[in-house]
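User: I'd like to learn how to read a fold from its coordinates. Can we walk through one together?

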Amino acid sequence: MTRPLMRPPRKNPVLRTRVPTLPPAARSRVTLGLTAGAARGRFELQVCRDCGTVQYPPREACHVCLSRRLDWREQNGAAELLSETTLWHSNELFYRERVPWRLGVAKLDCGPVAVVHLHGDCAPAPSRVRVRAVLDRAGQATLIAIPDKDTPNMADDRQLREMTCDPKFRKVLITDAKTALGQALVEAIVAAGAELVWAGYAESWKKTPGFDRLTSNPQVSLLPLDLTDSRAVKDTAGEIGGRVDILINTADHHRNFGIAARDGVETARAEMDANYFGLLRLAQEFAPAMRARGADGQSSAVAWVNLLSIFSLSNFPPHGTYSASKAAALSLSQCLRAELAPAGVRVINVFPGPIDDEWNQALPPPKIAPARLASDIVDALRGGAEDVFPGDIAQDWLARWRDNPKALERELAAMPR
């Protein structure tokens, strides 16, 4: 049974920080379909349209009938563990630093046999397990078998923790904690076991219901932070940048209307200044320190979370300039993901549908509650996902966008203003 994770000792400031290492990252283009599913928290395998065969590893054609008509479909992961071994030596530096490392061979109920990483609580073979597709430190999909039924301290398993971004015993910065979402996220991160949460806030003169109660929590430290002020961001990074393990950017400037309904560019400029340039300022000041701490012991820098919007995939005309600012932020976050990847720091993009707040009052339900969105963000950190689409609206838009982006664009353009 997995032992509960213990609080790490204070780091000796004299010791040099280790250089991050990554597992092998080379994948064929067809195999990246498995990575695309794992990035959304799904275990997907190729299924042949003609003969129905489920196959692994991914191939260009069905290994039974040679058809090239292959679809990626979600699988439940139920499997039988056939055999296991423990790796005590590896020529790969990443695994050499982490041995012993448990591996196994599992036969999925849907057909294929796969080599998997093996959770420490899995019973010896033969036994029932659940196989999941997760992203490793290199950002590529890999398979891990976990116990068929949940066990105590399951998330504290050493191998599983290498593939997730669990907040437990980590220091977290939330850039805007004054909103309803920010407050809910602070509470959810503290409940997940974070050692320290910096709760950022701007506009200290503005009174927000519920914000004052955060001061009563000893694990929360209020932090003045205005992402539209380059000097403030730089000073904050100089103060705490070397200690942040998870950064969650919730700063958001949201105003309604599109192009013709406004005079001037002031509102659109303010949206870009907070949603795009605010992210850019954060990335320039905090990313170098997080990249350097990608292998800083048990609680190293592991994740950067960006609160985007489902509107960033396809412009929603009633919120047109806001949609444009989030689309720009999405493009920038993809660049940030590429730059942090060599250190194994995961960039998680969150694409919620309309949040139940003051700027979405005119939109009809369903809208996602701040507490539900905060819970989904914590689940993404624990589960190792990379792209998260919380709420019914987000899931519906994603399905329509993946099916036909042009059709979705036309449908949104035809909606009544």
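User: Let's start with cysteines. How far is the sulfur of Cys110 from the closest cysteine sulfur, and in which residue is that one?

Analyst: One thing up front: this is a predicted model. For a disulfide, you look for two cysteine sulfur atoms within 2.5 Å. The sulfur of Cys110 has its closest cysteine sulfur in Cys51, 13 Å away, so that is too far for a bond.

User: And what about Cys65: which cysteine sulfur is closest to its own?

Analyst: That would be the sulfur of Cys48, at 3.6 Å, which is still too far for a bond. By this rule, the count of disulfides comes to zero.

User: How exposed are Cys65 and Cys110?

Analyst: Here the idea is to check the relative accessible area, where buried means under 20% and exposed means over 50%. Cys65 has 34% relative accessibility, so it counts as partly exposed. Cys110 has 30%, so it is partly exposed too.

User: Now the whole chain. How does the radius of gyration fit with a compact globule?

Analyst: You set the chain's value beside the one expected for its length. A compact globule of 417 residues would have a radius of gyration near 22 Å, and the chain has 22 Å, so the two agree. Along the principal axes, the C-alpha atoms fill a box of roughly 65 × 60 × 30 Å.

User: What share of the residues is buried, and what does the surface consist of?

Analyst: Of the 417 residues, 51% count as buried. The chain exposes about 19,700 Å², and carbon and sulfur atoms supply 54% of that area.

User: What part of the contacts comes from residues 24 or more positions apart?

Analyst: Take the contacts with a separation of 6 or more: residues 24 or more positions apart account for 67% of them.

User: On to secondary structure. How many helices and strands are there?

Analyst: The chain has eleven helices and 15 strands. To read the sheets, keep one idea in mind: strands of a sheet pair through backbone hydrogen bonds, either parallel or antiparallel.

User: Which strands close into a barrel, and in what order?

Analyst: Five strands do, in the order 4-5-6-8-7, and their pairing is mixed. From one strand to the next, the twist averages 50°.

User: How does strand 4 pair with strands 5 and 7?

Analyst: Strand 4 (residues 78-87) runs antiparallel to strand 7 (residues 127-135), with four bridges joining them. Two pairs to find on screen: Glu80 opposite Arg128, and Leu81 opposite Ser127. Strand 4 also runs antiparallel to strand 5 (residues 101-108), this time over eight bridges. There, Ser83 has Val105 as its bridge partner.

User: Where does helix 1 sit?

Analyst: Helix 1 (residues 32-39) lies across strand 7 and strand 8 (141-147), and it runs at about 95° to strand 7.

User: What is the strand order in the open sheet, and which are its edge strands?

Analyst: The order of this three-strand sheet is 2-1-3, with antiparallel pairing. An edge strand pairs on one side only, and here that goes for strand 2 (54-55) and strand 3 (70-74). Strand 1 (residues 44-48) joins strand 3 over five antiparallel bridges, and Leu45 has Arg73 of strand 3 as its bridge partner.

Terms used
Residues numbered from 1 in each chain as written. Predicted model: local features only at pLDDT ≥ 70, side-chain atom pairs only at ≥ 80, totals over all residues. Heavy atoms only, no water. Buried < 20%, exposed > 50% of the residue type's maximum accessible area, 1.4 Å probe, protein only. Pairing = 2+ DSSP bridges. Axes fitted to C-alpha atoms, helices over the stretch in contact; angles between N-to-C directions. Contact = heavy atoms within 4.5 Å. Rg over C-alpha atoms; globule rule 2.2 N^0.38 Å. Areas by Shrake-Rupley, 256 points an atom, 1.4 Å probe, with all protein chains shown as cover.
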